[in-house]
Amino acid sequence: MAGIDLAATSPRTTLDVVGRSPASRRRLSRAALYVALGVIAVVMVVPFVWMVLTSLKTPADIAASPPTFLPTEWAWGNYADALAAAPFLTYARNSLIIAVSHTTINLVVASMAGYALARLRFRGSELVFLGFVAALMIPTYTKIIPEFLIVRFMPLFGGNDILGQGGTGWLDTWWALIVPGAVTPFAVFLFRQFYLDLPVELEEAARLDGVSEIGIWARIMTPLVKPAFITVALLTFESSWNNFLWPLLVTRTDSMRVIQVGLSVFRTENDTQWAFLMAGTTLATLPMVALFLLGQKYFVRGFANAGIK
Amino acid sequence: MAVVSAPRDVSAPPAVPPRSPAPRRRRAGAARRRAGMLMVAPAFLHALIWIGIPVIAAFVLSFTNYDVLTQPRFNGIQNYVDALTDPVFRRGMLNTLVYAFFTVPVAMGIALLIALMLDTQLRARALFRTAVFIPQVTATIAVALVWLWIYDPRNGLLNAVLGFFGIPAQNWLSSTTWAMPSVIAVGIWQGIGLKMLIYLAALQSLPKDVYEAASVDGASKTRQFFSITLPLLKPATFFVFVTSVISAFQAFDLIYILTDGGPANTTTMMTYEIYKSAFREFRVGYACAQSIILFVFLLLLTLANRRLNGGDSGRH
Amino acid sequence: MEFSRRSFLTAMGLGTAAAVAGCATTSPSGSSAADPTGPVEGDITFLCALFEGSTGKETLEGNLIKKFNEKYPDVNVTVDYTDYGSLNEKITTGLASGLMPDVVTLGVGWIPPFAFKNAIAPLPESLATRYTYEERVLEPSRYDGKLYALPMVLDTRIVAYRKDFFEEAGLTGTPKNWDELRDYAKQLTVKDGGKTTRVGFDPFSIDLRQCWETFLFGNSGELFSPDGREVLFDSPEGVASLQLFLDMMADGSADFALKTEAGQPTTLQQGTSAIMMTNNSLYVQLQQQTPELTDKIGTFVLGNTDPAMLQGGTMVSQSATTKYPAAARAFVEYMGSPDAVLVASEQRGSVPAISDLKDSDYVKGNPMVAFAIDNLGKARSEGGTPAWMEIREKIKPTLETAIVGQQSAQAAIDQLAGIANDAISRL
């Protein structure tokens, strides 16, 4: 099959029947596409916009009924006040360290495992794969107490003896914050699916050239699934950045707490400081949005088959 | 995820005539298998410790009446009997199934549609994609508050819009009939972003030349979609389906804020009941039994889907 | 493969050992609490659901704990801050792993379950009379006649009303019993066409469980017997308390769909209700959001036969398994003292539990808190049974079935009684 580039020609002949030029027909459908996407985008973005607007309102505005969309008085000071309410800089630093660690570890370990499950058949690999999928099916709240126990009774850490008794194990350490969530079955599953249908020929050719299996994975197959990497990176970062309960449980000292724990300061039993909460949440969300926008340029058609024949 | 040539016999080496094909193939195969196992090992070990052990612990505890305040006492399958006969948990099971049944396919369909729209040479496509993905990263509390306002019977957007068309206002979240559909709508809306992302990534990996060849052959866009795109998307679809069902079954945060499981348990979900049992009622053993029931549900659903679709790839 | 099987088994062994060890170090009955009258020294942890944020931390650590250390320099207090919602999770994991904090804040209704299962230690009776507490305020801190906690801050449920709406309708005074309440509510309801623009009475802006309890107590009903083993709310008083809401909905003067939504001002502030069940913290909210309404809103305590004001709140307690009981005890005593209680209340707009503090500037400056303190004689609390943790979550959904018309009030109460009896039988 020759690689003819057919993009220039327009194969559709039905257009001529309609009597309009193909160009204007395309322009019309383009316009319709933009409109549709615009509407969808607005529908999706409304809560985010609302969140930002609320963060700039005074309590009187928030209490206005019926609720107003725009603030009557722009309370830019909310951001400074919100940041002063808790050591958010420390929390952000911690969240960043944890999120980056989780993302890098997950990208490497999960992609390696996903690749192996997709392409290197060994006895039991199907079962292992189903095991990973099954691991997704247990709710977090069920796992959290045993996970906490493992962290607390980790032998030879935090004053524990070889049997894990006597001390506090990994509690209040970076180990507890980073290790349990470093690799996710979700990522393994995703990578496997993406590695699944890459052409075997590439693999075989590389093998003949004497490349090791790990080399094949790292240098040949992985660059072909860039979108999968971006996706896993984004999702791992996001879930790690937004994690609340686990960091709260395994840390006692304030200096190891994370952003979401910090934001809970604004929700007390009796009332919630909505403006501050939204301000803090907006700030917490911005890195994610920025990362997503940046990651867009890797979302391109990555697979060129020109070199295969 | 592409098929670029006719399937070949994978085991036949293309060029070099083998001197003694059988032993080399076996050796080569063994090396591959060992590499495979080694490459899976770190992830597998991690999952074994941090998920496998907790799951086994949960399984064991589900046969006890563990309440963290006292020593666990074995009580057989009493927890399972209690869970399966508890009208509230049963309602939770029903609600979860209904919720998943409606949110998963609809969100998947819409997400695929949007992904297809975004998979073109559009200007500002990065912006559009970010917009669709934003609900995924917007804090649940903000999402919940906006929807609470939308559904507000007096000041809400929905009733205002409906009133414009002469439809009478409804009590969305306070009504036993409408609470569940309202929650489902929010679930669909929230679930689109992630699915779209996966589909988009999958579409980006599809090869251009198959489509070009098909166009030359005169196949319409629709025909191309159904005969080429959809089958090639099978791995992605399987992934999106499984993870969507799992996350639908574990839907919790949003519902908690929107309806607190009400009114009168009409929107409570299995995961919420599990959370309440474990952390509000201190009935950890019972919560573990409820979790195992949830797990079995999901396992059966996934296996059924796998069986029905005959695996998830076109190759192996 | 050999290696992976071995590591598998190691992991299993590790995990089982962890789980077993974890359960084993959970405190058995007959606690190991050493002599609490020893020297006051040691490292103690304080799990605290109050004093949030930077200002809270400054108040607690920079101020209160510093003063505490002046008296007891050999005690090192580490504070573990949490929000109230995650308090359960923190306690559960703490208990499961044998690392229960030495001093812990708990909510109303939690003492009997924790005391029954020996998770917290009894306190000397002398602490009950050290400061002026209303006897009712100490009720939730007791189990089996012994004192197990010291109350710090209270959050009371009171009735608030719009004086301007009352004036408009020509109503003087406030309702003294349910008949009057129904009557007032009917007169205060405003309809526009077929739609109700203002309900006379909004009981749904607070948790239905606590609202019903308030009315139950106000009708001379009880939740449980003094030993907490018998359900008493399935009485005619209990049913009537629920029925009242249904009747008022039928009158058109209450509407389940018309309640305060999260993120919005209360129905009273919006003018969509004339009388509303609320929390004493409303005052702070009024000041911030709608200061012009401060003069127009009044409060009263309602009852049918016996006016009752439901009190929730936070208490401080000592763990039964602490390694430094003397230090923990001293800290509990300190946190229960007026200094700590006052600043804690001030930060949250709550009611200080010590009645003497009603002369403080804070209370004098907050009319709703002052009102609550004056009425502490009518305070009633929920709980009262060791099975409370299992029952309380089920109350609202069960009672809601009657509110939305799925079953009668009697049936809903009976169903709830069944659930409560089940929980009690599991003790």
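Helices (H or I, at least four residues) and strands (E, at least two) are DSSP runs, numbered from the N terminus. I start my notes with that rule, and here is what I looked up.

**Entry 1: ground rules.** I am working with a predicted model, where local features need pLDDT of at least 70 and side-chain atom pairs count only at pLDDT 80 or more, while totals for chains, interfaces and linings use all residues. Residues are numbered from 1 along each chain as its sequence is written, chains are lettered from A and ligands numbered from 1 in the order in which they are written, and side-chain values use heavy atoms, with hydrogens and water left out.

**Entry 2: chains A and B, one at a time.** I looked up chain A and found 15 helices and zero strands. Of its 309 residues, 55% are buried, where buried means under 20% relative accessible area, exposed over 50%, and partly exposed in between (1.4 Å probe, protein chains only). For contacts I use heavy atoms within 4.5 Å. Of the contacts in chain A with a separation of 6 or more, 65% are between residues 24 or more positions apart.

Then I turned to chain B, which has 13 helices and zero strands. Buried residues come to 56% of the 316 in chain B. Counting contacts in chain B between residues at least 6 apart in sequence, I get 67% that join residues at least 24 apart.

**Entry 3: where A meets B.** How many residues of chain A are in contact with chain B? I find 104 residues of chain A touching 101 residues of chain B. The two chains bury about 9,500 Å² between them, with 75% of it on carbon and sulfur atoms. Buried area here is the accessible area (1.4 Å probe) that two parts lose on being put together, summed over both.

I also checked for salt bridges, meaning a side-chain nitrogen of Lys or Arg within 4 Å of a carboxyl oxygen of Asp or Glu. Between chain A and chain B the rule finds zero of them. Polar contacts come to seven residue pairs (both at pLDDT 80 or more). For the record, a polar contact is a pair of N or O atoms within 3.5 Å; within protein, one must be able to donate a hydrogen and the other to accept it, and residues adjacent in sequence count only if both atoms are side-chain atoms.

On the chain A side, helix α2 (residues 22–55) gives the most to the surface that touches chain B, with 16 residues. That side of chain A divides into 76 nonpolar, ten polar and 18 charged residues. My classes: Ala, Val, Leu, Ile, Met, Phe, Trp, Tyr, Cys and Pro are nonpolar, Asp, Glu, Lys and Arg are charged, and the others, Gly among them, are polar.

**Entry 4: Thr54(A).** While on helix α2 of chain A, I stopped at Thr54(A), which sits in that helix. Is Thr54(A) buried or exposed? Thr54(A) is buried, with a relative accessible area of 4%. A polar atom of its side chain lies 2.8 Å from the backbone oxygen of Trp50(A). Apart from neighbours within four places in sequence, Thr54(A) is in contact with Ile62(A), Ala275(A) and Met278(A).

**Entry 5: the two domains of chain C.** Next I took the domain assignment of chain C, which gives domain 1 (32–155 + 312–380) and domain 2 (157–311 + 385–425); such bounds come from an automatic or database domain assignment. The C-alpha centres of these two domains of chain C lie 29 Å apart. I count 31 residues of domain 1 of chain C in contact with 26 residues of domain 2 of chain C. Between them the domains bury about 2,400 Å², 61% of it on carbon and sulfur atoms. In domain 1 of chain C, Met368(C), Phe371(C) and Arg380(C) lose the most area to domain 2 of chain C, together 35% of what that side buries.

The rule finds one salt bridge across this domain interface. Arg380(C) forms a salt bridge with Glu222(C), with the closest N and O atoms 3.3 Å apart. I also note six residue pairs in polar contact across the interface (both at pLDDT 80 or more).

**Entry 6: Ser350(C).** My last stop was Ser350(C), in the loop between α13 (338–348) and β12 (351–352) of chain C. Ser350(C) is buried, with a relative accessible area of 0%. Its side chain makes a polar contact with the side chain of Asp155(C) at 3.0 Å. Leaving aside neighbours within four places in sequence, the contacts of Ser350(C) include Asn270(A), Asn280(C) and Tyr362(C).
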